[in-house]
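Work through the exercises below with the structure open beside you, and try each task before you read its solution.

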Amino acid sequence: MFAAWGRFVFRFRWLVLVASILSIAAVVYSMGYGGRLGTGEFSAPEGTESGRVEELLDEEVAKAPPSFMLVFGSEDEKATDPAFRDEVERAVEPLREDERVSGVRTAYENGATDEAMISRNGRYSLVVVELEEDNFAGLQDAYADVRKEVRPGPLDVVATGEIPLNEDFESVTETDLRRAEVVSLPLALLMLLFVFGSVVAAGLPIGVGVLAVTAGFVGTLLLARAMDVSIYATNIVTMIGLGVAIDYSLFVVSRFREEVGRRPVPDALARTIATAGSAILFSGLTVAIGFMGFLFFDVADLNSIGFAGSIVVAVSVLYGLTFLPALLAILGPRVDFLHLPFVRPERLATGGGLWHRVASVVMSHPWRTLLPVVALLLLLGSPFLGIRLGLSGGDTLPPDTESRRGEEILDRQFPDSSAYPMVVLLDYPQGSPLTKERIGEMYDLSRWLDGRPGVKEVESIVNLDQELSRDQYQELLSGPREDLPPQVRDALKRTTGDHVAVLTAYTSAGYDTEEAHGLVREVRGQHPEVGGEVLVGGWAAFDLDLTDSVYEAAPPAIAFVVLATYVVLFLLLGSVLLPLKAVVVNFLSISASYGALVWIFQEGHLSGLLNFTPGPINTTTPIIMFCILFGLSMDYEVMLLSRIREEYGRTGDNRSSVALGIERTGRLITGAALIMATVFFSFGLAEAVVIKAIGLGMGLAVLVDATIVRALLVPATMRLMGRWNWWAPKPLARLHRRLGLSEKTIDAPEPESPTTPETAPSARRP
């Protein structure tokens with residue numbers, strides 16, 4: 001099947017090339033129709049308690065307009081000085097005239113000074129700006145334009161709040177993306193020149209990588225028109241697109257160069273596609289399966305990363321099997337044109353190279369190699385047992401980012417404004433919350449909340465005046481609404497609906513701490529008895545629910561990825577035990593990268609060198625890393641095992657086929673791993689901690705997989721498994737042969753049955 005495709009591409013090479021170029025042009029043309037990306041972290045997971053609170057508030061309670069805060073400050077003047085006040089009013093005057101702004105509140109309304117909006121040291125003043133827009137894209141665009149209208153003059157001014165935070169995340173992510181591309185592409189080209197020793201051969205994988213990333217990026221933007229797409233999807237697409245596309249192209253080009261020196265171009269291309277081509281297809285399937293694991297997580301737009309990643313992997317494989325072979329068919333032996341002096345490209349393995357010797361030594365002492373290596377990987381992964389998960393707040397942005405600076409000023413100087421709200425919602429599906437009995441329940445709950453450790457203040461309709469008693473609130477609020485004072489009617493609109501009442505408890509416990517999570521659990525489980533249902537929302541509840549949702553969805557996602565990958569490897573190899581071995585080894589290498597993730601980013605080792613603030617690991621980071629790494633770790637496993645199987649089909653000798661397969665792919669996999677790790681580590685230069693953590697964690701995992709796993713664990717385990725490497729029950733063996741998805745070795749004898757024991761003397765040697 002694959003060889004036939006190779007001959008088809010050679011015969012219609014110009015047609016395939018033109019079709020590929022036209023598809024690329026169509027992709028670039030479609031870029032203008034893309035949608036807007038968002039952080040995705042600030043939407044509560046569906047089906048959770050905090051998500052229900054958001055839904056009920058949207059349905060029943062008057063919604064406060066979206067807003068952000070401006071913090072004005074001066075080292076020389078007090079915020080209460082007339083000159084300071086005049087500068088603030090002058091700075092925000094353009095905002096009052098902007099139709100996109102629904103309101104501007106300063107500390108100097110109606111000739112009086114609101115002390116709550118003046119800082120503790122008296123040097124800062126708050127301004128609250130309310131916007132008209134409601135949808136995410138319109139809101140962010142409106143904020144960006146409105147922020148430029150502020151004229152601070154001699155005062156310092158920073159914006160803070162959720163809207164500026166989103167804007168800064170987007171800006172930093174785009175900057176990180178450009179920096180990674182500028183760093184990774186030249187380094188990848190240098191490594192390819194070292195691997196191939198030819199400018200043309202080295203340029204081909206880079207070209208395919210750029211095309212794949214472009215197509216994946218445009219596909220992600222188009223996806224954003226149909227669904228919410230995480231802003232991190234673009235970084236993942238670039239990271240994976242460059243790494244995978246370059247790796248796949250490297251394997252195809254390398255195999256073609258090996259074949260074209262020994263046979264005519266049509267046969268060389270057919271054999272290349274039958275071997276390296278089939279390997280990259282199966283490898284692409286394993287990587288795509290990892291990305292499909294994201295679809296189990298309905299949180300933080302993770303499913304959008306799954307779709308975007310699958311798109312770029314599919315495009316990488318597509319161009320690797322169409323555009324690249326068409327170019328190779330046209331170039332033929334000229335693929336080595338512009339050869340570099342003093343650079344020795346890879347040589348055909350003859351059985352005496354470095355990787356052959358390493359594999360032979362390992363297979364001579366398999367247990368002495370296996371046990372220490374497994375112990376080392378488990379030790380490296382042990383810090384993961386102490387992982388703490390949490391949301392990405394302003395402290396994961398660079399220290400000089402505007403929204404982070406604003407948050408820090410609020411925390412230091414405006415303790416009331418920086419308190420974290422916990423929303424406690426009383427839901428009465430049958431009837432109004434404003435009956436005497438239910439008002440009494442509301443009153444009791446508010447006083448109980450006020451007594452919880454860490455609660456600074458409670459706001460609700462029964463907290464308007466601390467002088468009023470429980471009975472007085474019952475009499476006041478249960479009467480006709482038109483008889484109430486205007487300020488009470490306004491408060492009712494903000495805090496009650498047809499069936500719900502809202503109490504907001506402001507806490508000093510943060511949102512991602514054990515204290516905050518403990519408070520949410522206490523309110524949910526130990527609140528005073530009420531006739532309705534008590535639901536808890538807000539940042540801490542959202543963080544807790546997000547973490548619980550990830551833990552709940554992780555087992556089925558992991559099971560799907562593992563089982564689907566197992567099936568793909570069986571279809572490639574025809575063995576039931578080698579895929580199982582690959583899965584176990586995969587978990588070991590991933591655990592090592594998880595341990596490094598916690599050791600560096602949670603415990604703070606290397607934080608000074610890498611320039612970040614230690615803290616909890618972002619809730620979605622382990623899932624992103626697992627789903628991507630499980631597929632990527634199989635990438636080299638597929639390349640290596642497919643070559644070993646090819647040699648085993650030719651010789652029937654397990655031990656020599658392992659050694660020769662490792663040698664023939666050694667230089668290639670080393671180069672590919674270094675290129676992919678370079679791409680990932682270039683994202684380790686990112687300023688956003690989430691991207692920095694993912695880049696470094698995945699780069700380390702690739703290096704571990706391409707060195708410790710490939711050079712030590714694979715030969716040791718395959719030596720110990722012996723004849724069982726290629727074993728499969730007879731029905732499955734017949735099914736595998738009938739499917740015919742793995743190509744027979746061209747010009748080689750018929751391989752022995754996977755169920756046949758190895759018979760070569762070298763394979764039986766102890």
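The exercises that follow move from the whole chain to a sheet, a covered strand and a few single residues.

**Exercise 1. The whole chain**

Describe the make-up of the chain, its extent and its surface.

Solution. Begin by keeping in mind that this is a predicted model. The secondary structure comes next: the chain has 26 helices and ten strands, and along its principal axes the C-alpha trace spans about 95 × 55 × 45 Å. Turning to burial, 57% of the 766 residues count as buried, while the chain exposes about 31,400 Å², of which carbon and sulfur atoms supply 58%. For the contacts, take those between residues at least 6 apart in sequence; of these, 81% join residues at least 24 apart. Finally, consider charge: there are 64 positive and 92 negative side chains, and the centres of the two sets lie 16 Å apart.

**Exercise 2. An open sheet**

In what order do the four strands of the open sheet stand, and which strands are at its edges?

Solution. The first step is the order, which is E2-E3-E1-E4, with antiparallel pairing. The second step is to look for strands that have a single partner strand: these are E2 (101-105) and E4 (156-160), so one side of each is left without a neighbour in the sheet. The third step concerns the twist, since neighbouring strands are turned by 20 degrees against each other on average, direction ignored. Now look at one pair inside the sheet, where seven bridges join E1 (residues 67-73) to E3 (residues 124-131), and where Val71 stands opposite Leu126 in E3. The last step is to find what packs on the sheet: helix H14 (residues 402-413) touches E1, E3 and E4, and its direction makes about 95 degrees with that of E4.

**Exercise 3. A covered strand and its partners**

How many residues of strand E8 are buried, and which residue stands opposite Val500?

Solution. Start with the strand itself: E8 covers residues 500-507, and seven of its eight residues are buried. Then follow its pairing with strand E6 (residues 420-427), which runs antiparallel to E8 and is joined to it by eight bridges; here the residue opposite Val500 is Asp427. Lastly, strand E7 (residues 455-459) also pairs with E8 in the antiparallel sense, over four bridges, and in this pairing Val458 has Ala505 as its bridge partner.

**Exercise 4. Three single residues**

Decide for Ser278, Leu606 and Asn611 whether each is buried, partly exposed or exposed.

Solution. Ser278 lies in helix H9 (residues 265-292), and its relative accessible area is 7%. Because buried means under 20%, Ser278 counts as buried. Leaving aside neighbours within four places in sequence, Ser278 is in contact with Phe2 and Ile273.

Leu606 is found in the loop between helix H20 (578-602) and helix H21 (607-610), and its relative accessibility is 41%. This value falls between the limits of 20% and 50%, so Leu606 counts as partly exposed. Its backbone deserves a look as well, for Leu606 has a positive phi of about 70 degrees although it is not a glycine.

Asn611 lies in the loop between H21 and strand E10 (617-618). At 55% relative accessibility it is over the 50% limit, and therefore Asn611 counts as exposed. Asn611, which is not a glycine, has a positive phi of about 60 degrees.

Conventions
Residues numbered from 1 in each chain as written. Predicted model: local features only at pLDDT ≥ 70, side-chain atom pairs only at ≥ 80, totals over all residues. Heavy atoms only, no water. Helix = DSSP H or I, 4+ residues; strand = E, 2+ residues; numbered from the N terminus. Buried < 20%, exposed > 50% of the residue type's maximum accessible area, 1.4 Å probe, protein only. Contact = heavy atoms within 4.5 Å. Pairing = 2+ DSSP bridges. Axes fitted to C-alpha atoms, helices over the stretch in contact; angles between N-to-C directions. Areas by Shrake-Rupley, 256 points an atom, 1.4 Å probe, with all protein chains shown as cover. Lys, Arg positive; Asp, Glu negative; His and termini not counted. Charge placed at Lys NZ, Arg CZ, Asp CG, Glu CD.
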